[in-house]
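Biologist: Could you walk me through a few of the helices in this one, slowly, as I am still learning to read structures?

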Amino acid sequence: PLDPARVRMYVCGPTVYDFAHIGNARPVIVFDVLFRLLRHIYGESHVTYVRNITDVDDKINARAAERGIPIRELTEETYKNFKSDIEALGCLPPTVEPRATEHIDEMKALIERLVAAGHAYVAEGHVLFDVPSMADYGKLSSRPLDEMIAGARVEVAPYKRSPTDFVLWKPSKPAEPGWPSPCCIKSPGRPGWHIECSAMAWKHLGETFDIHGGGIDLVFPHHENEIAQSRCAFHTGVMANYWLHNGFLQVEGEKMSKSLGNFVTINELRENWLGYAWPGEALRFNMLRTYYRQPIDWTFDGLDESHKTLWDWYGYLDADKTNTEVPPSIIAALSDDLNTPALIAELHNLRRKNEAPKLRAALYFLGFSCKRKDIQRRAVGVEVHPPTVVSKASPHAPTIVARPLSKAEIEALIAARTAARARKDFKESDRIRDELAAMGVVLKDSKDGTNWEIAR
């Protein structure tokens, strides 16, 4: 960290106009795990985690008008729903959760700094950032300027000096929220989206800080524009020292889209998705099975496997309430760029070795309750007690089976073994190979990677 006594992290939060979808849940869970790890390493009082709330935005205005309710009523209702959802996912509250509407003065101050420094200009009641004024704009996303001009979804406006220039402040229409404008603009206005995060990060973390996170879809233009605003306002070489982005999420092999009918909210998963109300802890575990930088395919089968795994572990842990420290192997896996597949392989390893106190300590640390009553999956209209095999075609006719090691669990162990080989930890690599062999899984290494099969 820049300051050894204070680790500072900013993550882009929700725009509060509708229920959060499962793709929104991914960064919340990923950065909650990172928050827990940082607190463990540096101490709880030495980590500041800021996750903002965007409560002024075109989507909010449109949804409030569509429903015929005041904007404040919409944002309060949506924030309440978001808070309920993420609490069910086992996430800690951030240290600070600032709202955009409470930081208008900071936004205006930043805008006036940028105009004074020649990085922004006033045009027809707008203030725009002058992209060509920043020599290395585009460094985060590694996109040349001409490519950004061709591919950017930018507003075409005659008052722009360059097609890539973006809005810092704009006039408010009569029905929209508005505040006194900066730069001697007489009419009321409201901030652009990008300036909001720069202002809130500055207010709560300073001109530069350690970690900035969010989904990979935010790299361009949002994070690129945040960097431009903050660096040019404060004349710094960086906004944040480290940028972490989680990968995309798709549902059952397809991009999540309302038009495809596979748009899934956290609330729907908790209330009724494909015939079941799923516990938040199962959603959390299922998300962690995939390395955060990689795309994730959210499937019924995967969620069902995750739920059955926790059900098995929690039943096992009910017999032993011994407390212990978080195992070093858990911290080591997370310290390797949040390697959650290796982490989950280690959790399975603790279960197989009958290390109940260590498994419980690890799960508590990761945000799990270890209480079966908290993960009772409710079938809509029918109560079903796992472990079960559940068919999407016939969700209410489960068959009780003995639970073998799943494909996902095998591949998680193989991924952990591959990581061990890469760092030349051959003792660990051999241990994982031998454990898989003991469960009837045969590995075949080649120059193209590792394949596996079940021994006959």
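Modeller: Let me begin with a convention: an angle of 65 to 115 degrees between two axes counts as roughly perpendicular. Please also keep in mind that this is a predicted model.

Biologist: Okay, so how do α4 and α7 lie relative to each other, roughly parallel or roughly perpendicular?

Modeller: The axes of helix α4, residues 104-116, and helix α7, residues 219-234, cross at roughly 65° and come within 9 Å, and α4 and α7 are therefore roughly perpendicular to each other. In passing α7, helix α4 makes a left-handed crossing.

Biologist: Which residues meet there?

Modeller: From α4 the residues are L110, R113 and L114, and they meet Q229, C232, A233 and F234 of α7. Sorted by class, this contact has five nonpolar residues, one polar residue and one charged residue.

Biologist: Switching to α10, is it largely enclosed or mostly open?

Modeller: Helix α10 is largely enclosed by the rest of the structure, because 14 of its 18 residues are buried. Its length can be checked too: at 1.5 Å a residue, the 18 residues from 300 to 317 should span 26 Å, and the C-alpha atoms at the two ends are 26 Å apart, which agrees.

Biologist: And what about T299, buried or exposed?

Modeller: T299 sits in the loop between β12, residues 296-298, and α10, and with a relative accessible area of 17% T299 is buried, since buried means under 20%. Beyond residues up to four places away in sequence, T299 touches E252 and W273.

Biologist: Where is R351, and what is R351 in contact with?

Modeller: R351 belongs to helix α12, which covers residues 340-352, and at 22% relative accessibility R351 counts as partly exposed. If we leave aside neighbours within four places in sequence, R351 is in contact with D312, W313, Y316 and L359. Taking Y316 from that list, R351 and Y316 are 35 residues apart along the chain, while their C-alpha atoms are separated by 8.6 Å.

Biologist: Last one, how does the length check turn out for α14?

Modeller: For α14, residues 407-422, the expected span of its 16 residues at 1.5 Å a residue is 22 Å, and the end C-alpha atoms are 22 Å apart, which agrees. The buried residues of α14 are E409, I410, A412, L413, I414, A416, R417, A419 and A420.

Biologist: What follows α14?

Modeller: K424 follows α14, and the phi of K424 is positive, near 65°.

Technical notes
Residues are numbered from 1 along each chain as its sequence is written. This is a predicted model: local features need pLDDT of at least 70, side-chain atom pairs count only at pLDDT 80 or more; totals for chains, interfaces and linings use all residues. Side-chain values use heavy atoms; hydrogens and water are left out. Helices (H or I, at least four residues) and strands (E, at least two) are DSSP runs, numbered from the N terminus. The expected span of a helix is 1.5 Å times one less than its number of residues. Buried means under 20% relative accessible area, exposed over 50%, partly exposed in between (1.4 Å probe, protein chains only). Axes are lines fitted to C-alpha atoms, for helices over the stretch in contact, and angles run from 0 to 180 degrees between N-to-C directions. Angles under 35 degrees count as roughly parallel, over 145 as roughly antiparallel, 65 to 115 as roughly perpendicular and the rest as oblique. A crossing is left-handed if the near helix is turned anticlockwise from the far one by less than a right angle, and right-handed if clockwise. Contact means heavy atoms within 4.5 Å. Ala, Val, Leu, Ile, Met, Phe, Trp, Tyr, Cys and Pro count as nonpolar, Asp, Glu, Lys and Arg as charged, and the others, Gly among them, as polar.
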